[in-house]
Amino acid sequence: MDPETGRSVARARVGSGVAVALLLLPFAGHALARAGMLPQGAPIVLGLPAVVVGALLLSALCEEHSPSLRGSSRLTARTLTGERSVDLDRIASVRLLTTFSYGRTYRTLLVRDVHGVRLGVTTERSRRAVRRAVERASAADAHGGPRPRVSRAARVHLGLGTGTGLAAHTTAAFLLTVVSLCLYLTAVLRLGGG
């Protein structure tokens with residue numbers, strides 16, 4: 001792994017750590033409230049903004065901004081944690097992340113290469129580049145080459161598959177989002193109640 005790739009992976013880990021720390025902030029607030037260092041309602045005051053900011057930050061950390069294709073083998077884009085460059089010739093996995101906001105559905109292809117660099121692909125141009133890379137890898141697989149793991153929903157989103165993979169994925173993502181949010185808020189409200 002070259003030094004720039006290592007720095008990119010390290011920045012991504014720091015960004016993820018900050019997002020997770022935000023989500024855990026109400027629990028730290030509860031511990032401080034029990035120790036008498038904060039008022040009893042601190043977990044609620046900390047929890048409500050923390051869930052919004054943490055969840056948004058976690059999903060947006062690796063999303064591309066102003067993507068550029070460097071040759072046919074690298075997809076480079078700026079993200080919240082700096083520039084990331086994915087090796088399209090050595091893709092390890094492609095997954096589909098579906099989020100919801102204000103009644104709309106947002107889809108991001110999470111592409112990870114063998115070096116561990118992840119990039120959230122959102123533009124049509126980048127999606128076409130990923131599709132071509134997956135097709136090349138599938139052709140190489142027929143000759144014994146490595147093949148990336150591509151989820152069924154990602155395959156359908158790329159236009160490489162058909163079926164109910166996208167509908168089932170969207171339903172599961174929505175239910176997981178709602179249940180997770182309810183459980184998190186219930187835990188925060190219980191902590192805030194003493």
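Trainee: In which sense do β4 and β7 pair, and over how many bridges?

Mentor: Two strands pair if DSSP finds at least two bridges between them. The elements are DSSP runs numbered from the N terminus, with at least two residues for a strand (E) and at least four for a helix (H or I). Here β4 and β7 run parallel and are linked by two bridges; within this pair, S93 has R149 of β7 as its bridge partner. Bear in mind that this is a predicted model, where local features need pLDDT of at least 70 and side-chain atom pairs count only at pLDDT 80 or more, while totals for chains, interfaces and linings use all residues. Residues are numbered from 1 along each chain as its sequence is written, and side-chain values use heavy atoms, leaving out hydrogens and water.

Trainee: What is the order of the strands in the open sheet?

Mentor: Follow β6-β5-β4-β7 across this four-stranded open sheet, and you will find that the pairing is mixed. β6 (118-121) and β7 (149-150) each have a single partner strand and stand at the edges, so each has one side without a neighbour in the sheet.

Trainee: How many bridges join β4 to β5?

Mentor: Ten, with the two strands antiparallel. You can check the register at L96, which faces L109 of β5. The two strands make a hairpin with two residues between them, and Y102 in that turn has a positive phi of about 50°.

Trainee: And how should I read β2 and β3?

Mentor: They form another hairpin, again with two residues between the strands. Strand β2 (residues 74-79) is antiparallel to β3 and joined to it by six bridges, including the one between R78 and E83 of β3. For burial, look at relative accessible area with a 1.4 Å probe on protein chains only: under 20% is buried, over 50% exposed, and in between partly exposed. In β3 (residues 82-87), five of the six residues are buried, so this strand is largely enclosed by the rest of the structure.

Trainee: Is T108 buried or exposed?

Mentor: T108, which belongs to β5, is buried, its relative accessible area being 4%. Its side chain makes a polar contact with the side chain of E63 at 3.2 Å. That term means a pair of N or O atoms within 3.5 Å; within protein, one must be able to donate a hydrogen and the other to accept it, and residues adjacent in sequence count only if both atoms are side-chain atoms. Leaving aside residues up to four places away in sequence, T108 touches E63, R95, L96, L97, G120, V121 and T122, where contact means heavy atoms within 4.5 Å.

Trainee: How does the whole chain look in these terms?

Mentor: The protein chain has five helices and seven strands, running α-α-β-β-β-β-β-β-α-β-α-α from the N terminus. Of its 194 residues, 35% are buried. Among contacts with a separation of 6 or more, 56% join residues 24 or more positions apart.
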